[in-house]
Amino acid sequence: MIRSQLVGFGSYLPERVITNAEMAKMVDTSDEWIVERTGIRQRHVAAEGQLTSDLALEAARKALKFAGVSASELDMVIVATATPDNTFPATATKVQYGLGMTGGFAFDIQAVCSGFVYALATADNFIKAGQVRNVMVIGAETFSRILDWNDRTTCVLFGDGAGAVLLSAGTGKGDITDRGILSSHLHSDGKHYELLQVKGGPSRGQTVGHVYMEGREVFRHAVANLTSVLEETLAANGIGPADIDWVVPHQANKRILDSTARKLNFPPERVVVTVDRHANTSAASVPLALADAVGDGRIKQGDMVLLEAMGGGFTWGAALARI
Ligand code: ACO
């Protein structure tokens, strides 16, 4: 059977770093409060004029280089983002042009922090249907542009960045020894639309708006939904936590990562953590963490990796893959 293999990884973080100490000069907060409640120590922030597409392009170029594949071989580009350059067209079309692709097609996916998992599942299904062979899947965000920098309850939590994975069609036997994406599981529940949102938008307010979040409620739902989708993924593949080499979670908050890992008996040393350095980069956080752990040699070819995310909507999902 056709399997979507993860053959290239790339990431990009803007140069400018804002530490918690600097945040404490802008709003009434402290390094101790931020570290204790979230595990975040710093975040990267895009330079003036540096757009989501610029970050995405850097990450995608690195993923192509990693795989030794040229842009002309790509059939499709997906950018998962909640912070597109423009309301339209899709940021992905700018990335397609920037990469020098002359064919194929490109579009954005909007599932906020779950965007990368949604994009990966979408790409996997296009590949398995035989419609495309090489897909660049990118998560890229400039959340700094939609933060109210006077609101201490949200501005300390987010950062900018991009991560990319090149998926390529391969073949497998159809069991869990195959290389590539083994399963994906997506969910959403629009009942909770209001709990985590940007208060604005072209249709509702004709403005871009700022991030608004009911933190405690989001926390509670995040742990419950992530635990449930991880259990679903393990059951669908007939495996247990001990079969997973690495969990690569969305990096929202160290306490969400810890609670979820504890509930499922994943040892903390098998969970990739970047939230301390990157903060929450929304759709970029999973591919950024993946590229980090592949780049430093922790994740190796043959490893079984579990990706998971939860975000506004609410949306949530997981994907199991053998690298
Ligand atoms: N610095 C200092 N004090 C603060 C700050 C801050 N940056 N922010 C809030 N406080 C204060 C509050 O005003 C409150 O003060 P009060 O008791 O005098 O009213 C106190 O700290 C406690 O506030 P809570 O909101 O109850 O704090 P909590 O322990 O819930 O932590 C947090 C807040 C970190 C946002 C937490 O709720 C959380 O992590 N929620 C998950 C949300 C999340 O990670 N969202 C990311 C997007 S969604 C996703 O990616 C899954």
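This briefing walks through two sheets, a hairpin, a ligand site and a few backbone oddities. Keep in mind that the model is predicted. One sheet has five strands, and another has four. There's also a ligand, with 22 residues around it.

**The five-stranded sheet**

- Let's start with the sheet whose strands come in the order 1-7-6-4-5; it's an open sheet, and its pairing is mixed.
- Which strands sit at its edges? Strand 1 (2-12) and strand 5 (105-109) do, and each of them pairs on one side only.
- Going from one strand to the next, you'll find a twist that averages 20°.
- Zoom in on strand 4, which covers residues 76-80: this strand and strand 5 pair in the parallel sense, over five bridges.
- If you want a spot to look for in that pair, find Ile78, which stands opposite Phe107 in strand 5.
- Now for the helices on this sheet. Helix 4 (residues 91-99) lies across strand 4, strand 5 and strand 6 (134-142), and it runs at about 140° to strand 5.
- Helix 10 (residues 285-295) packs on the sheet too, where it touches strand 1, strand 6 and strand 7 (160-171). The direction of helix 10 makes about 90° with that of strand 1.

**The four-stranded sheet**

- Here the strand order is 8-13-12-11, in an open sheet with mixed pairing.
- Why is one side of strand 8 and of strand 11 left without a neighbour in the sheet? Strand 8 (180-188) and strand 11 (246-249) stand at the edges and each has a single partner strand, so there's no neighbour in the sheet on the other side.
- On average, neighbouring strands of this sheet are turned by 15° against each other, direction ignored.
- Strand 12 and strand 13 run antiparallel and are joined by eight bridges.
- To spot that pairing in the model, look for Met304, which stands opposite Arg322 in strand 13.
- Helix 7 packs on this sheet and touches strand 8, strand 12 and strand 13. Compare directions and you get about 145° between helix 7 and strand 12.

**A handy rule for both sheets**

- In a regular strand, side chains take turns pointing to one face of the sheet and then the other.

**The hairpin of strand 9 and strand 10**

- Strand 9 (residues 196-201) and strand 10 (residues 207-213) run antiparallel, with five bridges between them.
- Gly201 stands opposite Thr207 in strand 10.
- Five residues lie between the strands of this hairpin, and Gln206 takes a positive phi near 55° there.

**Around the ligand**

- Of the 22 residues that surround the ligand, the closest are Thr29, Arg37, Arg216, His250 and Asn253.
- Arg37 has a polar side-chain atom 2.6 Å from an oxygen atom of the ligand.
- With Arg152 it's the backbone that counts: one of its N or O atoms lies 2.9 Å from a nitrogen atom of the ligand.
- Asn280 joins in with a polar side-chain atom, 3.2 Å from an oxygen atom of the ligand.
- How much of the ligand does the protein bury? Taken alone, the ligand exposes 1,000 Å², and the protein buries 76% of that.
- Helix 2 (31-38), helix 6 (152-155) and helix 7 (215-237) are the elements that give two or more residues to the shell around the ligand.
- Helix 7 provides the largest share of that shell, four residues. You've met helix 7 already, packing on the four-stranded sheet.
- By type, the shell around the ligand holds ten nonpolar, seven polar and five charged residues.

**Backbone oddities**

- The peptide bond from Phe88 to Pro89 is cis, with omega near 0°. You'll find Pro89 in the loop between strand 4 and helix 4.
- Gly313 and Phe314 are also joined by a cis peptide bond, with omega about -10°. Phe314 belongs to the loop between strand 12 (304-311) and strand 13 (315-322).
- Asn265 isn't a glycine, yet its phi is positive, near 60°. Where does Asn265 lie? Look in the loop between helix 8 (254-263) and helix 9 (275-278).

Notes: Residues numbered from 1 in each chain as written. Predicted model: local features only at pLDDT ≥ 70, side-chain atom pairs only at ≥ 80, totals over all residues. Heavy atoms only, no water. Pairing = 2+ DSSP bridges. Axes fitted to C-alpha atoms, helices over the stretch in contact; angles between N-to-C directions. Contact = heavy atoms within 4.5 Å. Near = heavy atom within 4 Å. Polar contact = N/O pair within 3.5 Å; in protein donor to acceptor, adjacent residues only side chain to side chain. Areas by Shrake-Rupley, 256 points an atom, 1.4 Å probe, with all protein chains shown as cover. Nonpolar A, V, L, I, M, F, W, Y, C, P; charged D, E, K, R; others polar.
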